[in-house]
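Colleague: Please take a close look at one strand for me. Start with the rule that decides when strands pair.

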There are 2 protein chains.
Amino acid sequence: MKDIKIGLLGFGTVGAGVVEILEKNAALLKNRLGVPLTLAQVADLDISRDRGVSIDPVLLTTEAAQVVENPDIDIVVELIGGYEPARTLVMAALACGKSVVTANKALLARHGEEIYAEADRCGGEIFFEASVGGGIPLITSIKENLGANHFHAILGILNGTCNYILTRMTQNGESFGAVLKDAQEKGFAEADPTFDVEGIDTAHKLAVLIGLCFGSIPDFRNIYVEGISRISSVDIDFARQFGYVIKLLAISKRSENGIEARVHPTMLPEDHPLAAVDGVFNAVEVVGDYVGPVTWIGQGAGRKATASAVVGDILQAARNLRAGVRQRTAPLGYLPAALRALPIIPMDDLMGQFYLRFSVIDRPGVLGRISTILGEKGISIASMIQMKRKADSQVPVVMMTHRTREAAIRAALERIDSDGVNCEPSVLIRIENSDSD
Amino acid sequence: MKDIKIGLLGFGTVGAGVVEILEKNAALLKNRLGVPLTLAQVADLDISRDRGVSIDPVLLTTEAAQVVENPDIDIVVELIGGYEPARTLVMAALACGKSVVTANKALLARHGEEIYAEADRCGGEIFFEASVGGGIPLITSIKENLGANHFHAILGILNGTCNYILTRMTQNGESFGAVLKDAQEKGFAEADPTFDVEGIDTAHKLAVLIGLCFGSIPDFRNIYVEGISRISSVDIDFARQFGYVIKLLAISKRSENGIEARVHPTMLPEDHPLAAVDGVFNAVEVVGDYVGPVTWIGQGAGRKATASAVVGDILQAARNLRAGVRQRTAPLGYLPAALRALPIIPMDDLMGQFYLRFSVIDRPGVLGRISTILGEKGISIASMIQMKRKADSQVPVVMMTHRTREAAIRAALERIDSDGVNCEPSVLIRIENSDSD
């Protein structure tokens, strides 16, 4: 084999990063692999825009199908993103016997089952290290080095935009809206930030991690998703007074009844390893029965870091091709026949501690009403902050509950909100205290 | 292939952990691999002691060579530790065509070159994820997922005993000697703690990481090693006043002139990702040209976590055997022919910031003498703490320098110590401020 040929689908930010690495670090890659990695073809709808990297124009095409069907190409790299045409192209590339590398978490979250099955059917391989945590190397580790473990839990900060916004809100006391606007102006946040700030991107990545850790491909619609757009500086301040920071976390835990699978703003103790992960950095903690907790921290997005992960996958695919082996490791690290559909536990059944904030007119009896309703639902309060009285004006009352069932909390809040005790809808933030929670 | 057969050399703490995982998580491992992993033979000098795991006595032998030569065995796992007989047995296992898994950092630091060459010659494979950072999955990641990067720097907390001692000294103000004694009584520290507390174990692990990141196998004797036995609570307190914590760090950085390779107590800014890694936990940060900084945190030692890494390696070796491939990836991730002997930069040439502590009799002119000597060597002071005067008694004077060359600092301290200004030898602790330092 003289060289290994790469076909690229999507010549955007990350694609340009991949082209740059293949050129700038070509000698290093050859020193690791023994043969050159050659960029053979690049498809994008726009093949005229300058991406700031040098590329022979003859390699460019607007026809992605040409790349997929090109018999010279060994490895197809899908960096288009989204569901279609990415899905059709990935399926076709696998059917053509290519190894596939993708960074597309949305695709895997929605169509993973079909894609992994197609890889198995074709005897092909699909690599997707860049789909979760950008440059952070965790997917191969979960499949290989941590493969001896039954996993108990996954905790992740998986969206740089959300973490950047929450960090600035925490450090500077800015509002969600102000930071988002500034981030959009600076190009850190998308013009339509819904996928990021509403937690959907995080949930896509959690779906991939659940498959890897638990050998169960979740139905994406059953993952609970709540974003950060309703987090206010008030709650960040109160969290700090209790010794917590607020992060958008992806959480999944394995229990006898199935798995929890949820994305929501979460209060983390200040000394938790993920609490100090700020700005655009991502971090993941998994807990295995033998390894205990393992935490990774690194750049979860961006041209260079994501391209690092993509080229790492190309290197792995190429090593397998060089060795004459495909499908050395199944896509999720479990043999297809060993995958199980574990039920996702309903949020109502979640047990945990909760932060509650009520906005009340500070009149005698108001606190008593709230306490009575909580008590009726069997919820006990671990600590409370009531701001000093301002006659007849709105004041926040903040409580941290003991461990309780989410259904009880929701019922109590519904009652309180409909009872007119509250001037504004009450605020609920889940607390994550430890791995054993 | 019906099953894959494992031979174990060394039935100590980690060996018993491996036996336990192979039994307890057998179904999981089969779901990942497709065939069972069967423990075929276990060698130890003591085959009568109860290790708390069930094992068929017929598998036990006192003759390690029997395991190595056993034609039924596919993968030999070396958990004896130390240089000999581990070296001879590993070389023999490779020569017999076995895949080898080892957790032995001392062996790799001293005899790595010979062992990697033998693996290459025999077309065999050697896996050593457990040799650095215990259960933390970083070695495969550096070889595969981060393989697209030129690395700039490695920073590691690699010895749990040292980190445990420094953490207790920091949190409780205890002395080195008191914590060590207690740790020995509790079994956290060895009866002879020299390898741990004097930094040798950390340096062994750094040698392995240097090979992986820089493709250069260092001469172990050229790694600068300084342990923690001379760290006093006084210095930990002053560090805190300047916003730093003291950790025993393994540090290697790549520059045009070669690589830095050093192990020493280091002052880290409190907000550095490694500063919060406490107790027996280990952590490693590498910085690549594309991925930027990546940090791993986890359990760096102990029966269960280390066994997790060993069985992860067994799984990788077995996946290769199942796929009919050996030597898919070279031991260090670089092809043997691409390995380079990079020079290790002498400590005198190190550029950095330094913490200095002098014990002086507080008389007029003393501070002037010290300042004059530092000035003559071109050392400028960034900040200083001088404790309040106690007439004619010994007081500490503490300084943080600007960036300077280590040779200048050493010359100045030698001069100050020999000049009689100082009541006790001056204390020097290196400061690590950022990846770009």
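Modeller: Two strands pair if DSSP finds at least two bridges between them. Strands are DSSP runs (E, at least two residues), numbered from the N terminus, as are helices (H or I, at least four). This is a predicted model: local features need pLDDT of at least 70, side-chain atom pairs count only at 80 or more, and totals for chains, interfaces and linings use all residues. Residues are numbered from 1 along each chain as its sequence is written, while chains are lettered from A and ligands numbered from 1 in the order written.

Now take strand S17 of chain B, residues 422–431. Strand S13 of chain B, residues 351–361, runs antiparallel to S17(B). Seven bridges join the two. Here Tyr355(B) faces Ile429(B) of S17(B). Strand S10 of chain B, residues 258–269, also pairs with S17(B), but in the parallel sense. That pairing has two bridges. Across from Arg430(B) in S17(B) stands Thr266(B).

Next, set chain B beside its copy. A turn of 180 degrees and a shift of 0.0 Å along the axis lay chain A on chain B, with an RMSD of 0.0 Å (least squares on C-alpha atoms of residues with pLDDT of at least 70 in both). The two copies are therefore related as by a two-fold rotation axis. Trp296(A) comes closest to that axis among the residues of chain A, its C-alpha at 2.3 Å. Both copies use the same surface: 100% of the contact residues of chain A (C-beta atoms, placed from the backbone, within 7 Å) recur in chain B.

Conventions: Two residues are in contact if their C-beta atoms, placed from the backbone, lie within 7 Å.
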